[in-house]
There are 2 protein chains.
Amino acid sequence: MSDLGTLPEGKTDSVQQIIDAAAQCFMAKGPEKATIDDVASLLGSTKGRVYHHFRSKNAILIEVHNQAMQSLSNTINPLIARDIPADQKLLEMAVAHANVIMDTFPFQRSVRLSVDIYLLGSSTTEEREIMGKLIDARNQYENLFRDVIRTGIEEGTLNVPDVAMATRALLGALNGLGDWYRIRPDQSQEEREAIAQNLADTVIHGIKA
Amino acid sequence: MSDLGTLPEGKTDSVQQIIDAAAQCFMAKGPEKATIDDVASLLGSTKGRVYHHFRSKNAILIEVHNQAMQSLSNTINPLIARDIPADQKLLEMAVAHANVIMDTFPFQRSVRLSVDIYLLGSSTTEEREIMGKLIDARNQYENLFRDVIRTGIEEGTLNVPDVAMATRALLGALNGLGDWYRIRPDQSQEEREAIAQNLADTVIHGIKA
DNA sequence: AAGTTAACATACTCTGGAGAATGTTTCCCG
DNA sequence: CGGGAAACATTCTCCAGAGTATGTTAACTT
């Protein structure tokens with residue numbers, strides 16, 4: 001995220017730094033064990049800076065969620081519009097999805113480590129509402145895949161016993177990346193591409209000979 | 001777990017109650033937000049009872065991990081021995097795996113919510129070692145699937161570009177259950193069976209027509 | 001029936017970490 | 001060049017929640 005020329009949503013440079021650092025910490029320790037001091041000291045500064053820009057720890061986590069979701073949507077949406085066979089489109093979407101997960105790994109993993117739970121407990125009502133929107137967004141996102149699968153079945157290019165289940169299976173396999181993938185700075189873009197391709201291929205073509 | 005006639009590992013009834021309750025709480029709030037008092041009050045008792053049987057919160061979480069792992073192994077191991085084609089065996093293993101996840105849901109979800117992270121931070125050295133064994137056990141378990149896939153490729157009944165990736169894809173799709181599945185007490189065994197079957201089928205046969 | 005111990009409940013301590021209050025510096029704008 | 005006001009740093013408060021220390025009860029043993 002930090003290597004983007006343009007900052008999302010008019011966020012100043014310093015704020016985005018905080019968000020990036022937070023994502024790193026959330027990834028490393030999990031959102032609850034990660035401390036605001038952790039985030040600050042990773043930035044070489046102190047709490048003061050963080051709390052000057054965010055009302056609470058949850059507020060940061062929400063922003064991390066938000067940007068994680070944005071990254072996925074921004075990548076997938078352009079692919080949806082294209083007018084190609086559904087099986088081909090689904091494959092491209094799957095590959096793209098996997099690539100985004102690896103590219104924005106700290107964000108995606110932070111989300112994965114906090115899904116639902118973290119924010120339901122404490123957090124203000126407003127935060128709860130925002131969280132609701134994020135969950136909606138995630139569902140919408142999943143629906144993009146679901147719709148393509150449905151289209152593919154109508155076209156005859158795809159075939160599954162249950163559309164909803166197939167969507168879950170596909171995204172489950174891809175999101176599993178968040179569990180076992182580990183960032184290696186030396187890793188080339190080609191290697192990542194290969195991972196994404198293999199993963200997507202396997203789910204779409206199956207394991208059977 | 002609690003409906004088993006025989007208790008695992010000679011654990012007394014009261015202790016197993018604590019473990020079950022803890023799994024429930026860990027599932028609901030996540031292992032860090034879940035409080036020992038939560039566990040106790042779910043049991044209608046107090047901290048005293050819990051700390052009489054466990055040295056720490058981590059100790060309980062480890063035990064939950066342990067039993068989650070045991071449930072899976074106990075179910076899969078018998079299937080490994082059978083002398084049938086690998087594609088068929090893999091399907092059965094996948095279905096069984098999915099069923100165990102649903103049957104022991106609080107345990108599996110607790111594990112999923114704490115993988116790696118929770119115990120790396122604090123926890124004593126001894127606990128860290130035990131955790132290491134559990135991670136080994138999980139890897140061993142994954143290897144069971146990997147081996148069957150490899151066998152299937154030799155046999156010619158299975159075919160994937162990358163065995164390791166296929167294993168990840170399969171288990172990722174199945175473990176995704178831990179994210180989206182929700183317990184419904186009224187749900188029949190047949191419904192669960194259908195979910196397990198559909199999920200396993202989709203990954204093994206693929207989405208493509 | 002007195003002593004011992006397991007199985008808890010009650011009451012306490014103590015610390016990490018969130019968030020607030022307050023100080024300090026830098027920058028910007030008239 | 002003076003006077004805000006961001007953008008932080010420093011310092012302080014405060015409490016939830018883990019773990020402990022100490023009662024209390026019941027059951028078991030000899």
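Let me begin with how the two protein chains meet: 100% of the interface residues of chain A are also interface residues in chain B, so the copies meet through the same surface. I should say at once that this is a predicted model, and that what follows describes that model.

How, then, is chain A related to chain B? A rotation of 180°, with 0.0 Å of shift along its axis, superposes chain A on chain B with an RMSD of 0.1 Å, and that is the relation of a two-fold axis. If you want to find the axis on the screen, look for G206(A), which of the residues of chain A comes closest to it, with its C-alpha at 1.7 Å.

Staying with the protein for a moment, the largest nonpolar core has 78 residues, and those with the most contacts inside it are L90 and L170 of chain A together with L90 and L170 of chain B. Taking L170(B) as an example, and leaving aside its neighbours within four places in sequence, we find it in contact with I207(A) from the other chain, and also with L90(B), A94(B), F145(B), V203(B) and I204(B).

Now to the DNA, beginning with strand D. This strand is surrounded by 14 residues, the closest being S14(A), S45(A), T46(A), R49(A) and K47(B), and by class the surface near strand D has three nonpolar, eight polar and three charged residues. Which parts of strand D lie within 4 Å of the protein? Of those atoms, 56% belong to sugar or phosphate and the rest to bases. On the phosphate side, a polar side-chain atom of S14(A) lies 2.7 Å from a phosphate oxygen of strand D, while an N or O atom in the side chain of Y51(B) is 3.3 Å from a phosphate oxygen. On the base side, an N or O atom in the side chain of K47(B) is 2.7 Å from a base oxygen of strand D. The element that gives the most to this surface is α3(A), with four residues.

Turning to strand C, we again have 14 residues around the DNA, of which K47(A), Y51(A), S14(B), S45(B) and T46(B) come nearest, and sugar and phosphate account for 60% of the strand C atoms that come within 4 Å of the protein. Here it is α3(B) that gives the most to the surface, with four residues. Among the phosphate contacts of strand C, the side chain of Y51(A) places an N or O atom 3.2 Å from a phosphate oxygen, whereas K57(A) uses a backbone N or O atom, at 3.0 Å, and I36(A) a polar backbone atom, at 3.3 Å.

Note on methods. Residues are numbered from 1 along each chain as its sequence is written. Chains are lettered from A and ligands numbered from 1 in the order in which they are written. This is a predicted model: local features need pLDDT of at least 70, side-chain atom pairs count only at pLDDT 80 or more; totals for chains, interfaces and linings use all residues. Side-chain values use heavy atoms; hydrogens and water are left out. A residue is near a molecule or strand if one of its heavy atoms lies within 4 Å of it. A polar contact is a pair of N or O atoms within 3.5 Å; within protein, one must be able to donate a hydrogen and the other to accept it, and residues adjacent in sequence count only if both atoms are side-chain atoms. Helices (H or I, at least four residues) and strands (E, at least two) are DSSP runs, numbered from the N terminus. Ala, Val, Leu, Ile, Met, Phe, Trp, Tyr, Cys and Pro count as nonpolar, Asp, Glu, Lys and Arg as charged, and the others, Gly among them, as polar. A nonpolar core is a set of buried Ala, Val, Leu, Ile, Met, Phe, Trp, Tyr and Cys residues joined through side-chain atoms within 4.5 Å. Buried means under 20% relative accessible area, exposed over 50%, partly exposed in between (1.4 Å probe, protein chains only). Contact means heavy atoms within 4.5 Å. Copies are superposed by least squares on the C-alpha atoms of residues with pLDDT of at least 70 in both.
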